Amino acid sequence: MSLANLPLHFFILLSTVLLTIGLYGLISRRNAIAVLMSIEIVMNAANLNFAAFWRYLHPQSLEGVVFVLVTITVAAAEVAVGMAVVLSIYRTLHTVNVDEVAQMRG
């Protein structure tokens, strides 16, 4: 069975699982790097939905592909900024625990 023969609901189910894993990571993890990784999983779930709906509903147009490319670009920028913030916090506080970041306030 090739990837092209899979039904749309398979991709929706897969993206739902990815979204659930990402949201669980966002809620349960205290490590800033794990939180960034969870955000990436959520964004990849959205990308999978964009690509799947584009492929099954409107394969002639390019809006789905453009949305995926824009989201990948935003995700790359988010990771770069997020890692810079985490690195700065680690250099200052010697921790990446998001609960301890509140100490940076005034």
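This is a tutorial dialogue on reading the features of a predicted model.

Me: Where should I start: how many helices and strands does the chain have?

Reply: Begin with the secondary structure, since the other features can be placed on it. The chain has 3 helices and 0 strands, and in sequence order the pattern is α-α-α. Helix 1 covers residues 8-28 and helix 2 covers residues 32-57, while helix 3 covers residues 63-93.

Me: What does the radius of gyration say about the overall shape of the chain?

Reply: The idea is to set the value beside the one for a compact globule. For 106 residues such a globule would have a radius of gyration near 13 Å, but this chain has 17 Å. The box along the principal axes adds to the picture: the C-alpha atoms fill roughly 55 × 25 × 20 Å.

Me: How can I check a helix against its span, say helix 3?

Reply: You take 1.5 Å a residue and set the expected span beside the distance between the end C-alpha atoms. Helix 3 has 31 residues and should span 45 Å, and its end C-alpha atoms are 44 Å apart, which agrees. Helix 2, with 26 residues, should span 38 Å; its ends are 37 Å apart, and that agrees too.

Me: Which residues of helix 2 are buried, and what do they pack against?

Reply: Here relative accessibility is the guide: under 20% counts as buried. In helix 2 the buried residues include V35, L36, S38, M43 and A52. The buried residues of helix 2 pack against helix 1 and helix 3. From the other side, helix 3 has G64, V68, T71, A75, G82, V86 and I89 buried, and its buried residues pack against helix 2. Over the whole chain, buried residues make up 22% of the 106 residues.

Me: Could we look at single residues? What does S15 touch?

Reply: For a single residue, combine its place, its accessibility and its contacts. S15 is in helix 1 and is buried, with a relative accessible area of 2%. Not counting residues up to four places away in sequence, S15 touches A45, L48 and N49. A second serine can be read in the same manner: S38 lies in helix 2 and has a relative accessible area of 6%, so S38 is buried. Leaving aside neighbours within four places in sequence, S38 is in contact with G22, G25 and L26.

Me: How many aromatic pairs does the structure hold?

Reply: For aromatic pairs, look at the distance between ring centres and the angle between the planes. The structure holds 3 such pairs. One of them joins F11 and Y56: the centres are 6.1 Å apart with 45° between the planes, and the pair is tilted. F11 lies in helix 1 and Y56 in helix 2, so this pair ties together parts that are 45 residues apart in sequence. F11 is buried at 12% relative accessibility, whereas Y56 is partly exposed at 29%.

Me: Why is the pair of F50 and F67 called stacked?

Reply: The angle decides the label, and planes under 30 degrees apart count as stacked. The ring centres of F50 and F67 are 5.2 Å apart and the planes are at 20°, so the pair is stacked. This pair links distant parts of the chain, with F50 in helix 2 and F67 in helix 3, 17 residues apart. F50 is partly exposed with a relative accessible area of 34%, and F67 is partly exposed with 47%.

Me: What else surrounds Y56: which residues share its cluster, and which charged end sits over its ring?

Reply: A ring can take part in several kinds of neighbourhood. Ring pairs link Y56 with F10 and F11 into a cluster. The charged end of R55 also sits over the ring of Y56, 5.6 Å from the ring centre.

Me: What about backbone angles: which phi does H94 take?

Reply: Most residues other than glycine have a negative phi. H94 is not a glycine, although its phi is positive, about 60°. H94 is just after helix 3, and at 61% relative accessibility it counts as exposed.

Me: Last one: how much area does the chain expose?

Reply: Read the total together with the atoms that supply it. The chain exposes about 7,300 Å², and carbon and sulfur atoms supply 72% of it.

Methods:
Residues numbered from 1 in each chain as written. Predicted model: local features only at pLDDT ≥ 70, side-chain atom pairs only at ≥ 80, totals over all residues. Heavy atoms only, no water. Phe/Tyr/Trp six-rings, centres within 6.5 Å; stacked < 30°, edge-to-face > 60°. Helix = DSSP H or I, 4+ residues; strand = E, 2+ residues; numbered from the N terminus. Buried < 20%, exposed > 50% of the residue type's maximum accessible area, 1.4 Å probe, protein only. Lys NZ or Arg CZ within 6 Å of the ring centre and 35° of its normal. Expected span 1.5 Å × (residues − 1). Contact = heavy atoms within 4.5 Å. Rg over C-alpha atoms; globule rule 2.2 N^0.38 Å. Areas by Shrake-Rupley, 256 points an atom, 1.4 Å probe, with all protein chains shown as cover.
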